[in-house]
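Below is a report on one protein chain, arranged by topic. Cut-offs are given where a term is first used.

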Amino acid sequence: YEEKATMKLWNRSLAILFAACLASASAASAVIICPDDAGAGSQTETLFAGQTHYAGTVTISANEGSICVAYQTDGPWLLTETHLAIADTLAGIPQTKSGNPRPGQFPWSATHNPAVSQFTYCVSYPYTAGEALYVATHAVVQSNGGGGQGTETGWAGGLDFPGANWATYFTFVPDDGCYQVD
């Protein structure tokens, strides 16, 4: 009887040891893969001039702590100014007390003289993968002829600021693009 009990205890101990080794090997063999093109993918928003005129697009992407935002105009529109704000909350975007954005106080801005059809900001921003960022992209665009509307302000995105103007923003959820293989 003692021999049977010792054998059962031995078998149970071996099973526990084997399970522990398997769990350890599984954890050790989990590999994190980050392809060369890893990143959040991208998100494209429409850039509207003067509220209703399609003027182009704004595309955002994230990779390894950097956020890139590319403005691209179409048709007769060209960029003469761009302003960019990125924040963890809507309140983090510079606004008046009444909730209108203040593009002149956005952290990133540029004047384009001569006017350009595209411009990209790539900025270091400490984002957390999977958590939404609030993005305000403002532009001053001008028509280079061909049916344009002169000089207009432009905003991308479809979410309205709380103020009493037509300024808009959008949210973007970065993802580091890496995945785990067991």
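## Disulfide

At 22% relative accessibility, Cys68 counts as partly exposed; buried means under 20% relative accessible area, exposed over 50%, and partly exposed in between, with a 1.4 Å probe and protein chains only. Its partner is Cys122, and the S to S distance of this disulfide is 2.0 Å. Cys122 counts as exposed because its relative accessibility is 52%. The model is predicted: local features need pLDDT of at least 70, side-chain atom pairs count only at pLDDT 80 or more, and totals for chains, interfaces and linings use all residues. Residues are numbered from 1 along each chain as its sequence is written, and side-chain values use heavy atoms, with hydrogens and water left out.

A disulfide is taken as a pair of cysteine sulfur atoms within 2.5 Å, and the count by this rule is one. The link of Cys68 and Cys122 is right-handed, with 115 degrees about the S-S bond. It connects distant parts of the chain, with Cys68 in strand β4 and Cys122 in strand β7, 54 residues apart.

## Overall composition

The protein chain has one helix and twelve strands. Helices (H or I, at least four residues) and strands (E, at least two) are DSSP runs, numbered from the N terminus. Along the sequence, the helix comes before the strands, in the pattern α-β-β-β-β-β-β-β-β-β-β-β-β.

Of the 182 residues in the protein chain, 33% are buried. The accessible surface comes to about 10400 Å², and carbon and sulfur atoms account for 53% of it; these areas come from the Shrake-Rupley method with a 1.4 Å probe, and for residues only the protein chains shown count as cover. Contact means heavy atoms within 4.5 Å. Among contacts between residues at least 6 apart in sequence, 65% join residues at least 24 apart.

## Strand pairing

Two strands pair if DSSP finds at least two bridges between them. β2 and β3 are antiparallel, with eight bridges, and Phe48 stands opposite Tyr54 in β3. Their hairpin has three residues between the strands, and Gly50 there takes a positive phi near 55 degrees.

β3 and β4 also run antiparallel and are joined by eight bridges. Here Ser61 stands opposite Cys68 in β4, the cysteine that forms the disulfide with Cys122. The hairpin of β3 and β4 has two residues between the strands, and Glu64 takes a positive phi near 50 degrees.

## Nonpolar cores

A nonpolar core is a set of buried Ala, Val, Leu, Ile, Met, Phe, Trp, Tyr and Cys residues joined through side-chain atoms within 4.5 Å. The largest has 25 residues, and Ile67 and Tyr71 have the most contacts inside it. At least two residues of this core come from each of β2 (42-49), β3 (53-63), β4 (66-73), β5 (77-87), β7 (118-124), β8 (133-143) and β11 (168-172). A second, separate core of nine residues includes Ala85, Ile93, Phe106 and Ala136.

Not counting residues up to four places away in sequence, Ile67 touches Ile60, Ser61, Ala62, Ile86, Tyr121, Cys122, Val123, Tyr125, Tyr127 and Leu133. Thr137 lies in strand β8 and counts as buried because its relative accessibility is 0%. Beyond its neighbours within four places in sequence, the contacts of Thr137 include Val58, Val69, Tyr71, His83, Trp155 and Phe170.

## Aromatic pairs

Rings of Phe, Tyr and Trp (its six-membered ring) pair if their centres lie within 6.5 Å; planes under 30 degrees apart count as stacked, over 60 as edge-to-face and the rest as tilted. The count by this rule is six aromatic pairs. Phe106 and Trp155 are edge-to-face, because their planes stand at 70 degrees, with ring centres 6.3 Å apart. This pair links distant parts of the chain: Phe106 is in the loop between β5 and β6 (108-116), Trp155 is in strand β9 (residues 151-156), and the two are 49 residues apart.

Phe106 is buried at 5% relative accessibility, and Trp155 is buried with a relative accessible area of 5%. One aromatic cluster is formed by Phe106, Tyr134, Trp155, Phe161 and Tyr169.

## An exposed loop residue

Ala164 is found in the loop between β10 (159-160) and β11. At 80% relative accessibility, Ala164 counts as exposed. Its C-alpha atom is separated by 7.8 Å from that of Ser98, and the two residues are 66 apart along the chain.
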